[in-house]
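Got the viewer open? Set the cartoon to show, keep side chains at the ready, and follow along stop by stop.

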Amino acid sequence: MTSSTQHTPGATPEPPAGLARFNASGETAARAALHEACASTAWGRALLTHRPYATTDALLAASDAAMAGLTADDLAEAMAGHPPIGRPKPGDATSRREQSGVQESLRAELLELNLAYQDRFGHVFLICATGRTGDQMLDALKERIGHDADTEREIVRTELGKINRIRLSRLAEGPS
């Protein structure tokens, strides 16, 4: 008994529905989808170059490679697309979902420290908020505000990479 949904040994499995849609979409639509994940033009261009992706893992590996090659200006462009922790963009379901661990009682302190961080580094405090509590993010902000610029830039690169992986995984899975 053979089913059309069974995997044939040696055959390449079909990519997840969302990834198949991304692969098949026109360049403008694909660029827009990538921009929703990360505002860096260089990162998006690098991912577009390698389409189509056979698997989500291949897409994530391309993202990791592109992240590693971003310049300080590219990182700044990417960070400009992120709202401050504790203040999601109005109407932005993604930032609201990602920052859902921030309790209302912490928002004022987070905002105050975010402003001090921005004064020090010239950009918003960026952290992969998914799965973290507001207290954990506040503790990280208090620790990271004391870093030098080079150390903080590499932490930002790592955190942005985590955010991109989560967002790309959602894109590859398709609408939930």
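Start with the aromatics: this predicted model holds two aromatic pairs. Select Tyr 117 and Phe 121 for one of them, a tilted pair with 4.7 Å from centre to centre and 50° between the planes. Look along the backbone here: the two residues sit about one helical turn apart, because they are four residues apart in helix H7, which covers residues 107-121. Both Tyr 117 and Phe 121 are buried.

Keep Tyr 117 on screen and add Phe 125. These two rings make an edge-to-face pair, 5.3 Å centre to centre and with 80° between the planes. How buried or exposed is each partner? Tyr 117 has 0% relative accessibility, so it counts as buried, and Phe 125 counts as buried too, at 1%. With all three rings displayed, you can see the cluster that the ring pairs make out of Tyr 117, Phe 121 and Phe 125.

Stay in H7 and click on Asn 114, which belongs to that helix. This polar-named stop is buried as well, with 0% relative accessibility. Which residues does Asn 114 touch, once neighbours within four places in sequence are set aside? Show Pro 84, Ile 85, Phe 125 and Leu 141: those are its contacts. Phe 125 thus turns up again, having already appeared as a ring partner of Tyr 117.

Next, the core. The largest nonpolar core counts 41 residues, and Trp 43, Leu 47 and Leu 168 are the ones with the most contacts inside it. Colour the contributors by element: two or more residues come from each of helix H1 (17-24), helix H2 (27-37), helix H3 (41-49), helix H4 (56-68), helix H5 (72-79), H7, helix H8 (134-144) and helix H9 (149-173).

Zoom in on Trp 43. Leaving out residues up to four places away in sequence, Trp 43 touches Leu 34, Ala 37, Cys 38, Ser 63, Ala 66, Met 67, Leu 70, Asn 164 and Leu 168. Leu 168 is also among the core residues with the most contacts.

Now for a charge and a ring: select Arg 51 and Phe 22. Arg 51 lies over the face of Phe 22, 5.4 Å from the ring centre.

Last stop, Glu 14, in the segment before H1. Turn on the surface and Glu 14 should show up: its relative accessible area is 71%, so it is exposed. Then draw a distance from its C-alpha to that of Ala 54; the two atoms are 7.4 Å apart, although 40 residues separate them along the chain.

Technical notes
Residues numbered from 1 in each chain as written. Predicted model: local features only at pLDDT ≥ 70, side-chain atom pairs only at ≥ 80, totals over all residues. Heavy atoms only, no water. Phe/Tyr/Trp six-rings, centres within 6.5 Å; stacked < 30°, edge-to-face > 60°. Buried < 20%, exposed > 50% of the residue type's maximum accessible area, 1.4 Å probe, protein only. Lys NZ or Arg CZ within 6 Å of the ring centre and 35° of its normal. Contact = heavy atoms within 4.5 Å. Core = buried A, V, L, I, M, F, W, Y, C linked by side-chain atoms within 4.5 Å.
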